[in-house]
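Subject: Structure handover

Hello,

Here is the structure I promised to pass on. Please open it first, then read my notes below.

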Amino acid sequence: MKQGIHPNYKKVVFVDAQSGFSFLSGSTLHSNETMKWEDGNEYPVIKVDVSSDTHPFYTGRQKFSDVGGRVDRFKKKYNLK
């Protein structure tokens, strides 16, 4: 790899802004805000709007609407059987 062209990859803490859920991961994102993690070290904090804690797919609060396929919609649109 060429030196000096890659961003600095480091451990950061991602915090869900809605629920407060946090997890430690590697990232190239930078933040001036820091927090002390469970291992006693201090890491930069990145706030996210949605994480696995609040995303509807992972929480089971997802709504499914049965609208049918293309053929069914076409038949309904033109009153066909």
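The accessible surface of the chain comes to about 7100 Å². Carbon and sulfur atoms hold 51% of that surface. Please keep in mind that this is a predicted model. The chain has 81 residues, and 17% of them count as buried.

Now the overall layout. The chain contains two helices and four strands. Along the sequence they follow the pattern β-β-β-β-α-α. As for contacts between residues at least 6 apart in sequence, 34% of them join residues at least 24 apart.

**The sheet**

The four strands form one open sheet. Their order in it is β2-β1-β4-β3, and the pairing is mixed. Two strands lie at the edges: β2 (22-27) and β3 (34-36). Each of these pairs on one side only. From one strand to the next, the twist averages 45°.

A word of background: strands of a sheet pair through backbone hydrogen bonds, either parallel or antiparallel.

Which way do β1 and β2 run? They run antiparallel, joined by six bridges. One bridge sets K10 against its partner S27 in β2. The two strands make a hairpin, with five residues between them. G20 sits in that turn and has a positive phi of about 85°.

β1 also pairs with β4, this time in the parallel sense. The residues involved are 10-16 for β1 and 42-48 for β4, and four bridges join the two strands. F14 stands opposite I46 in β4.

**The salt bridge**

How many salt bridges does a search of the whole structure find? The answer is one. K47 and E33 form it, and their closest N and O atoms are 3.8 Å apart. The pair links distant parts of the chain. K47 belongs to strand β4, while E33 is in the loop between β2 and β3, 14 residues apart.

Are the two partners buried or exposed? K47 is exposed, with a relative accessible area of 56%. E33 counts as partly exposed, at 41%. The reason for the two labels is the cut-off: a residue is exposed over 50% and buried under 20%, so a value in between makes it partly exposed.

**T28 and the segment before β1**

T28 is another residue of the loop between β2 and β3. At 41% relative accessibility, T28 is partly exposed. Which residues does T28 touch, once neighbours within four places in sequence are set aside? They are P7, N8, Y9 and K10.

Take N8 from that list. N8 and T28 are 20 residues apart along the chain, yet their C-alpha atoms are separated by 5.7 Å. H6 gives a second distance to T28. H6 and T28 are 22 residues apart in sequence, and 9.4 Å apart from C-alpha to C-alpha. H6 is in the segment before β1. H6 is partly exposed too, with a relative accessible area of 45%.

**The end of α2 and the surface patch**

Helix α2 covers residues 70-77. How many of its eight residues are buried? The number is zero, so α2 lies largely in the open.

F74 is part of this helix. Its relative accessible area is 46%, so F74 is partly exposed. F74 also helps to make a nonpolar surface patch, together with Y78 and L80. The patch measures about 330 Å².

N79 is in the segment after α2. Just after the helix, N79 takes a positive phi of about 50°. That is a positive value in a residue other than glycine. N79 is exposed, with a relative accessible area of 73%.

**Where to look**

If you have a few minutes, start with the sheet and its order β2-β1-β4-β3. Next, find the salt bridge between K47 and E33. Then turn to T28 and its contacts with P7, N8, Y9 and K10. Finish at the patch made by F74, Y78 and L80.

Best wishes

Notes: Residues numbered from 1 in each chain as written. Predicted model: local features only at pLDDT ≥ 70, side-chain atom pairs only at ≥ 80, totals over all residues. Heavy atoms only, no water. Pairing = 2+ DSSP bridges. Axes fitted to C-alpha atoms, helices over the stretch in contact; angles between N-to-C directions. Patch = residues over 30% accessible without salt bridge, like charges linked within 9 Å, V, L, I, M, F, W, Y side chains within 5 Å. Areas by Shrake-Rupley, 256 points an atom, 1.4 Å probe, with all protein chains shown as cover. Salt bridge = Lys/Arg side-chain N within 4 Å of Asp/Glu carboxyl O. Buried < 20%, exposed > 50% of the residue type's maximum accessible area, 1.4 Å probe, protein only. Contact = heavy atoms within 4.5 Å.
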